[in-house]
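Ready to practise reading a protein model? Grab a pencil and open the viewer, and let us work through some exercises together.

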Amino acid sequence: MPESIDLAAGSDPASHDLRIVDLTKRFGPATAVDDISLTVPAGSFFALLGPSGCGKTTTLRMVAGLEDPTAGAIYLGDEDVTYRKPYKRPVNTVFQNYALFPHLDVFDNVAFGLRRRGIRGVDKQVTEMLELVELAGYGGRKPAQLSGGQQQRVALARALINRPQVLLLDEPLGALDLKLRRQMQLELKRIQTEVGITFVHVTHDQEEAMTMADTIAVMNGGKVEQLGAPEDLYENPCTVFVANFLGQSNLLTASVTGQSGDDLLLDVAGNRLTMPAQRRGTGSDRLYVGIRPEKIRLRHGDDAVEAGGAERNEVSGVITDSSFTGVSTQYLVRTAWGQELMVYAPNLEHDGRLRPGASVVLSWNPAHTFGLEATGDLNAGLQEDVLEVASAAAGS
Amino acid sequence: MTAGTADLAGRNRRRRRNTPYLLLLPGLGFLALFFVLPMLFLASNSLQTGNIYDGYALTWHWHTYVQVFSDYHQQFIRSFEYAGMATVAALAIAYPLAYVIAFKSGRFKNLLLVLVVAPFFVSFLVRTLAWQSILADDGYIADGLRTLHILSSGGRLINTPFAVVCGLTYNFLPFMTLPLYASLEKIDVRLISAAADLYAGPATAFRKVTFPLSLPGVVAGTLLTFIPAAGDFVNVEFLGDPLHQMIGNVIEKRFLVQTDYPAASALSVLLMAAIIVLVIIYTRRAGTEEIV
């Protein structure tokens, strides 16, 4: 029974925005998605980023129609599709485990959606789509005869061929190994640019989200913590969770001691630091100040202050651990007040004295400092393995 | 390495290579003793002449086959008809049942599965006898059908082909249900979500995804029902009438009542050959090689 679905792209792209309004989903007593509102502009590559259990997949399933919301609404353009059956929505999904039909060959898998809509003569479209995902000539194979990366491409082709208004991708690269994942990230981005369809991508991998998405919504505990372009989120995180989940941050507890011009004067355990007043992020006099590990410069304690050093924020400490990662060396430095700070130093010139036990001075440009409201856990959003490394290093 | 250890290593390798065959031995021995040997006896019996008092002698009397086929081809055809009807009926009942158990039963799944096999705790004969009272002339069902004028006032259910097919369907239902359940239960429900996402409504999703993926269960279930049903004689004995016998009844009478071993053996060999041919045609048509 063919469904007639209007998939023709309108002249006004704004009419195809995906809007999620006050969406809530409860499973019994548990709230998976807690009153979120989002607008995904038509044609954009949007990422829902968060740890497992943050509600991102549930949100995606509600957009696909595979889950009914407890409250709220979903609009595609001006149309309310909140309770519309999945097979009547101009939305397609690339499932996490691909969910390819094992009894059908690649060609029939890809043609499935077109045929269900009563479209005849699908050969040309399927062939073109297989070419787009670089699987030309694989039409006669069964999914079980393909590698993970190839299956992933078939899943993508099977969804894309329907020219949905929104393509949903549920952790599509989760099952691939690292190298293939990097390759497919670029591939997906290329395909999205080529077809111009709105992609909503669910992932827990912050690097993946930043590589591909135009806009990222960081989710935590069923809510959207922050939404913005990757650079913006990275440079100006608004919450401790975002600062820790998206990249890594050193967060220091500071109190405001005054203001000089556009600079805020801070005290961190007796150290005088400054930061731009506009990046304060909170009205309170007690706040967290954050600095990204790669923005910190490390010099040996015996070295003289470098030129222009007077304007830089400086903190001294002792290296407790260092690990060489190729591109950079990661140091853990214990400050006088006992906090471990992380520093990523690019491997330009190697200073042999920078070994565990060495006294060092950390310095950074005050403009790179960001302020956060001093509420909640300093470790919110830290991945478990990072915490383990930190505590292991602290223990040694 | 000395010659001795090389020898030992070689022997170990040989032993390891032979292990699978050693493991096969008990099964092969059992089959040889209880299947191949009786089959040879049966085949040789079918070519003998003589009688129970004077003894039988192998005379290669092929004419027995011609004789029994011309005498009993009707019963052969009837057996396959009854077995076919029972298989279709069992499939119609078992498929929805297995579907519900596999996808919709939640925490009652195990209980329902136990209920499916529960009839096996009662003897085959007792279960078939129970159907005698279910379909009896003064039973509720016959009465009810007469009241509704579906059954004429003198009409009966017991001792009719209908009763025999009912009995066959009932007796072999678990053999249909269990393989169906096994293949339905294996289906990844995410595939059904994917079908819905790709514009397939519930009916289309079933036709295009669920049913094709359950075909191995359909094939296994129909074979497990059809084959024993075609050779059955108990259901006709208790629920049927003497004019509509199945081939199983003929064989039983020939063996046990008339002690005409050659004819009974020839009928058995013919029945087996016919079933093998039907099964081969069926599995070819169903294309199981590709599905399984």
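Below are five exercises, each with a worked solution.

This is a predicted model, where local features need pLDDT of at least 70, side-chain atom pairs count only at pLDDT 80 or more, and totals for chains, interfaces and linings use all residues. Residues are numbered from 1 along each chain as its sequence is written, while chains are lettered from A and ligands numbered from 1 in the order in which they are written.

**Exercise 1. Describe chain A as a whole.**

Step 1: Start with the elements. Chain A has 9 helices and 20 strands; helices (H or I, at least four residues) and strands (E, at least two) are DSSP runs, numbered from the N terminus.

Step 2: Look at the extent. Along the principal axes, the C-alpha atoms of chain A fill a box of roughly 75 × 45 × 40 Å.

Step 3: Consider burial. Of the 396 residues in chain A, 40% are buried. A residue is buried if 20 or more other C-beta atoms, placed from the backbone, lie within 10 Å of its own.

**Exercise 2. Work out the order of the open sheet β2-β1-β4-β5 in chain A and find its edges.**

Step 1: Follow the order. The sheet has 4 strands, and the pairing is antiparallel; two strands pair if DSSP finds at least two bridges between them.

Step 2: Find the edges. β2 (30-40) and β5 (79-80) of chain A each have a single partner strand, so one side of each is left without a neighbour in the sheet.

Step 3: Zoom in on one pair. Strand β1 (residues 18-27) of chain A is joined to β2(A) by 7 bridges, and I20(A) stands opposite L38(A).

Step 4: Add the helix. Helix α1 (residues 56-64) of chain A packs on the sheet and touches β1, β2 and β4 (71-76) of chain A; its direction makes about 115 degrees with that of β1(A).

**Exercise 3. Which strands of chain A pair with β19(A)?**

Step 1: Take strand β15 (residues 297-300) of chain A. It pairs with strand β19 (residues 359-364) of chain A in the antiparallel sense over 4 bridges, and H300(A) has V360(A) as its bridge partner.

Step 2: Take strand β16 (residues 313-324) of chain A. It is joined to β19(A) by 6 bridges, again antiparallel, with V315(A) partnered by L362(A).

**Exercise 4. Describe how helices α2(B) and α8(B) pack.**

Step 1: Recall what is needed. Two packed helices are described by the angle between their axes and the distance between the axes.

Step 2: Read both values. The axes of α2 (residues 63-104) and α8 (residues 202-231) of chain B come within 9 Å and cross at roughly 145 degrees. Axes are lines fitted to C-alpha atoms over the stretch in contact, and angles run from 0 to 180 degrees between N-to-C directions.

Step 3: List some of the contacts. Among the residues involved are F80(B) and L91(B) of α2(B), and V218(B) and F226(B) of α8(B). Two residues are in contact if their C-beta atoms, placed from the backbone, lie within 7 Å.

Step 4: Sort by class. The contact has 10 nonpolar, 6 polar and no charged residues. Ala, Val, Leu, Ile, Met, Phe, Trp, Tyr, Cys and Pro count as nonpolar, Asp, Glu, Lys and Arg as charged, and the others, Gly among them, as polar.

**Exercise 5. How many residues of chain A are in contact with chain B?**

Step 1: Count both sides. 17 residues of chain A are in contact with 15 residues of chain B.

Step 2: Find the contributors. β6 (91-94) and α2 (106-116) of chain A each supply at least two residues, and α2(A) gives the most, with 3 residues.

Step 3: Sort by class. The side of chain A that touches chain B has 9 nonpolar, 5 polar and 3 charged residues.

Definitions and conventions:
A residue is buried if 20 or more other C-beta atoms lie within 10 Å of its own, exposed if 12 or fewer, and partly exposed in between; C-beta atoms are placed from the backbone.
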